[in-house]
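Open the model in your viewer and keep the selection tool at hand. The tour moves from one selection to the next and says what is found at each stop.

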Amino acid sequence: MAYNGFAIDKYPDVEEIIRKLDALRDGPIYSILPEYLAEYEDQYFNKKCLKSKEMIDEAKTVIPGGVQHNLAFNYPFPIVITKASGAKLYDIDGNEYYDLLQAGGPTVLGSNPVEIREKVIQLLNTCGPSTGLFHEYEYKLAKKISDLVPSVDMFRMLGSGTEADMVAARIARLYTGHKNILKMGGAYHGWSDQLAYGIRIPGTKGLQSRGVPNYVFRHTDEFFPGDLEDLEKKLKRNKLDGGTAAVYIEPIGPESGTRPVTKDFVKGCEYLAHKYGALLIADEVVSGFRIGLSGAQGYYGINPDLTVFGKVIAGGYPGAGGVGGRRDVMAHMGAGLDSSGKKVKKALCGGTMAATPISCVAGYYTICEIERTNAIEKAGRMADRLVAGINKSIDKYHLPFVCFNQGSVCHLDNAGTMHYFIDWSKPWNIPKVLKETSARQKEMEHMGAAYMAEGIITLAGTRLYTSAAYNEEMIDDVIARFDRVLSKCGKL
């Protein structure tokens with residue numbers, strides 16, 4: 001399938017990528033060599049980022065860890081960003097960076113596009129950011145999403161992807177009358193108690209969810225990504241104990257495609273969910289309006305019952321989340337009546353600051369601009385060029401690193417950290433897995449620091465998002481910077 005309006009030109013060879021990731025995980029750790037890491041710390045962070053370090057040290061006196069957002073934690077210390085424009089970020093010391101973090105994914109147009117900013121300023125000059133009452137752009141945004149995503153008849157704006165995933169489970173339980181939730185192992189569906197299960201790597205169950213009591217997960221389980229037999233086995237088991245209300249998937253694979261899945265697997269999830277009376281919930285917090293105007297679901301040819309949106313729905317502005325789906329399913333978000341007038345139970349849902357005028361205006365014009373400029377395809381083309389260039393450097397320096405992309409969502413894996421899994425039939429091996437992933441995660445952080453010192457900001461040193469603000473000349477410059485880092489890597 002060519003681009004044809006999507007960010008993906010050619011779907012990656014999933015079996016080949018998994019084979020490479022297996023080899024990366026099972027082999028010795030390769031990373032930035034210690035002497036070069038020390039050089040980056042000394043010459044860049046300790047000399048060119050002094051204001052950032054000073055501010056973070058001061059912030060630690062009033063903010064736990066010194067930052068308010070997990071994405072900001074970086075080795076050796078967080079960088080303070082003061083300006084964002086297009087494909088670039090600028091820090092408090094005046095250093096310039098290529099932005100491959102993209103605020104975690106939402107800025108498909110690039111950072112702070114003037115077309116959206118002007119609309120937001122107009123709103124602030126008239127209505128202000130929030131009133132607590134209805135605004136016309138609540139309707140305009142919902143209508144735009146419904147027009148573009150075939151599976152969405154109705155849409156409800158919320159404050160975050162976490163909130164949208166959380167209420168989707170409530171809707172599914174009310175609609176189906178079933179109680180259990182199955183989610184893709186390793187996928188992140190927000191940090192609400194019941195869904196903070198099996199996150200980051202498959203099989204972790206509640207190990208990564210400190211502060212959440214285990215009894216909360218009584219009706220939540222995970223299935224192994226790519227394994228339809230495992231999904232069906234758990235659907236069959238649930239049939240004997242309250243049924244399955246929902247099957248959650250990230251269509252491009254868990255953790256934004258860190259562990260990619262095949263098209264057949266995605267379609268198989270849809271088939272099995274419906275076979276056992278469950279709703280299919282597509283978590284498109286990252287992929288929605290990044291893979292295609294109809295979401296990743298449009299590319300894969302599936303028709304989920306509910307879709308969770310986030311990030312881009314507010315154009316990078318606060319209030320980035322929502323859930324949409326079939327009219328009869330979404331009736332549980334309304335006033336207690338479905339389209340035929342039949343009374344239905346209403347899902348508990350709140351959010352004083354959901355669907356604010358500022359988030360709806362920004363989201364509406366962002367999606368319009370993405371559509372008008374063909375930004376999704378352009379970002380995908382830039383990602384294809386970036387990945388091809390990085391893979392040339394990987395081959396040149398004989399590194400075992402794995403680099404691939406699904407549209408404008410790119411992965412550069414140096415340690416295979418996210419490719420581990422926990423097998424509870426071998427409990428004696430769990431401490432070893434946790435120790436190994438911890439060591440490898442540390443090297444992800446070191447790689448992220450090296451990239452930053454070369455003027456590239458990534459997500460956790462392994463995930464890269466391109467935007468339509470990039471051009472070929474910029475991408476080639478980014479590739480050259482990655483090449484400088486990869487030339488300093490080797491076996492530890």
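Start with the cysteines. This is a predicted model, and it holds zero disulfides. Select Cys 360 and Cys 127. The closest cysteine sulfur to that of Cys 360 is the one in Cys 127, and the two are 11 Å apart, too far for a bond. A disulfide needs two cysteine sulfur atoms within 2.5 Å. Is Cys 360 buried or exposed? Cys 360 is buried, as its relative accessible area is 1%.

Now select Cys 403 and Cys 410. Cys 403 takes part in no disulfide either; its nearest cysteine sulfur belongs to Cys 410 and lies 6.7 Å away. Cys 403 also counts as buried, at 9% relative accessibility, because the limit for buried is under 20%.

Next, look for empty space inside the model. Rolling a probe the size of a water molecule over the atoms shows where such space is left. How many cavities of 30 Å³ or more does the structure hold? There are three.

Go to the largest cavity, which has a volume of about 80 Å³. To show its lining, select Leu 21, Thr 258, Phe 404, His 411, Leu 412, Asp 413, Thr 417, Met 418, Met 444, Thr 462 and Arg 463. Which element gives the most to this lining? The answer is strand β13, residues 409–413, with three residues. Colour the lining by class: five residues are nonpolar, four are polar and two are charged.

Move on to the second largest cavity, with about 40 Å³ of space. Its lining includes a run that you can select as Pro 106, Thr 107, Val 108, Leu 109 and Gly 110. Add Pro 113, Gly 315, Gly 316 and Thr 366 to complete the lining. By class, this lining has four nonpolar residues, five polar residues and no charged ones.

The last stop is a sheet. Four strands form an open sheet with mixed pairing, in the order β2-β3-β4-β14. Select β2 (81–85) and β14 (456–457), which stand at the edges. Each has a single partner strand, so one side of each is left without a neighbour in the sheet. Then add β3, residues 88–91, beside β2. β2 and β3 run antiparallel and are joined by four bridges. To end, select Ala 84 and look across to Leu 89 in β3, which stands opposite.

Conventions: Residues numbered from 1 in each chain as written. Predicted model: local features only at pLDDT ≥ 70, side-chain atom pairs only at ≥ 80, totals over all residues. Heavy atoms only, no water. 1 Å grid on protein atoms, 1.4 Å probe; cavity = no way out; pocket = protein on both sides within 12 Å on 5 of 7 lines; lining within 4 Å. Points joined across faces, edges and corners; volume = space filled by probe spheres on them. Helix = DSSP H or I, 4+ residues; strand = E, 2+ residues; numbered from the N terminus. Nonpolar A, V, L, I, M, F, W, Y, C, P; charged D, E, K, R; others polar. Buried < 20%, exposed > 50% of the residue type's maximum accessible area, 1.4 Å probe, protein only. Pairing = 2+ DSSP bridges.
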